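Biologist: Could you take a close look at the side chains for me, sulfur to begin with and then charge?

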Amino acid sequence: RLLDGDSLLFEFDGDAIQNLLDNYITPQNARVDIISSSFGRAADFEQDDNSSSEQKQQQQQQQQENDDALAMDFSPEKAGPPLVEPIFGTQYWSHRIPSHLINEWSKSAEPKLPPSDSMLSLPPVNPFVPKNFALKALPPDDSHHPLLFCSLKLCITVGKKKAWFPCTVNKYDGTKNKVLLVYEDEDEKWHKVDITESDFSKTKIHPNFEGTLDSKACKYKVISVPKDGEGAVLKYGDESDWHVDDGVHFPHVPPPLPESRLPKLLHNTKLLKLWHLQDRKFKRPVAELRLKIACLNANKSPLQKACAELLAMIIHDATTEICYLASVCELGNSISSTDFGFTVRVNGFDDKLLNLIDEILKVMFSFNTTEVELPQGINPDRFDACLEVQLRKYNNDGMRASSLCTDIRIRC
């Protein structure tokens, strides 16, 4: 695969790819390598070492001047003595590709629709190819800020003197342009930032960066800056950092997460309970959906437990083709039976994630019927194959070392 090779290029250059396809990857530049043991061993073509170099050159010239008929109908008897690769000493034959075959390949390379009776065709469009990679906006009262999770030293006037107090930026309210500072004694206080968030985005935050809060009433100095995806650093540039590194003191307890960063209960009824948590760490357009489907009789008896495991296997087998198309687009899924019912998990790019879970649930809920026959779309042969795999699994389960030891202990 020439377009990716052994590395991936993250900058798309359509002109370079088009130039490569039109001017370089052509039938005129093609080379066909054929490897076969039917031509005998290398010892069958050993030559006399006393032959002069002039004779070898003449043989090579004759080899290169083979006609098109010899290239189309190759045989060692007509081809003559083989050439020798200079580095490894491998013997080989080399012939030019016939011109009429090059012309035929060139005509086939021209873009055109395949004939109606052709067995080759392009695959259908993959419905799980994502198109929207935009990130969901964070809540305005708890959004991102360059100072978020930075460790600061805040200069506060105490009586007639000024003192520096360590603190950590735990939250930013974009509607009021305020930051929530958490001090070492777990006291929290809101402070208004004198510079707007848009101006901050133009400035690179680094240790020893200084600024003011509350209309220049307080001065702060940045002590440590978190890395991408990292939480509060809690390093204040004093002797406590050395004590923590040397194991003398316990590390600082991170401040508690605000309520807006905990999972939210969006829907709570007898039929559905929906929780949501927005990612703030990785900042990628991916999502993960986990469904816990409660089934009253899924684990009521050993037979019903076995039926639940068989159902999960059949659903996975019936959606193999759909799940493969999704996996090409980095959409993963899994389904398993549990003590309370079933667990369905889908993760990947959020643009087409709901389409995949919809296809899986359609197959799953097609079994919600009182009919004895299999639902439409479930192959009976595949059902028998899944049943055989399940029976083999149960028969072989006691042969594992852990299960065998447990069984022996129970019998003793």
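Modeller: Sure, let's begin with cysteine 386, which is buried at a relative accessible area of 5% (buried is under 20%, exposed over 50%, partly exposed in between, with a 1.4 Å probe and protein chains only). This is a predicted model, where local features need pLDDT of at least 70, side-chain atom pairs count only at pLDDT 80 or more, and totals for chains, interfaces and linings use all residues. Residues are numbered from 1 along each chain as its sequence is written, and side-chain values use heavy atoms, leaving out hydrogens and water.

Cysteine 150 is buried too, at 0%. Searching the whole structure turns up zero disulfides (cysteine sulfur pairs within 2.5 Å).

Now for charge: there are ten salt bridges (a Lys or Arg side-chain nitrogen within 4 Å of an Asp or Glu carboxyl oxygen). In one of them, lysine 136 meets aspartate 350 at 2.8 Å, N to O. Lysine 136 sits in the loop between helix H5 and strand S3, and aspartate 350 in the loop between strand S13 and helix H10, so the pair ties together parts 214 residues apart in sequence (helices and strands are DSSP runs, H or I of at least four residues and E of at least two, numbered from the N terminus). Lysine 136 is exposed at 55%, while aspartate 350 is partly exposed at 24%.

Arginine 280 and aspartate 142 also pair up, at 3.2 Å, N to O. Arginine 280 lies in the loop between strands S10 and S11, and aspartate 142 in the loop between H5 and S3, so this pair joins parts 138 residues apart in sequence. Aspartate 142 is buried at 0%, but arginine 280 is partly exposed at 26%. Add Arg261 and you have a salt-bridge network of Asp142, Arg261 and Arg280.
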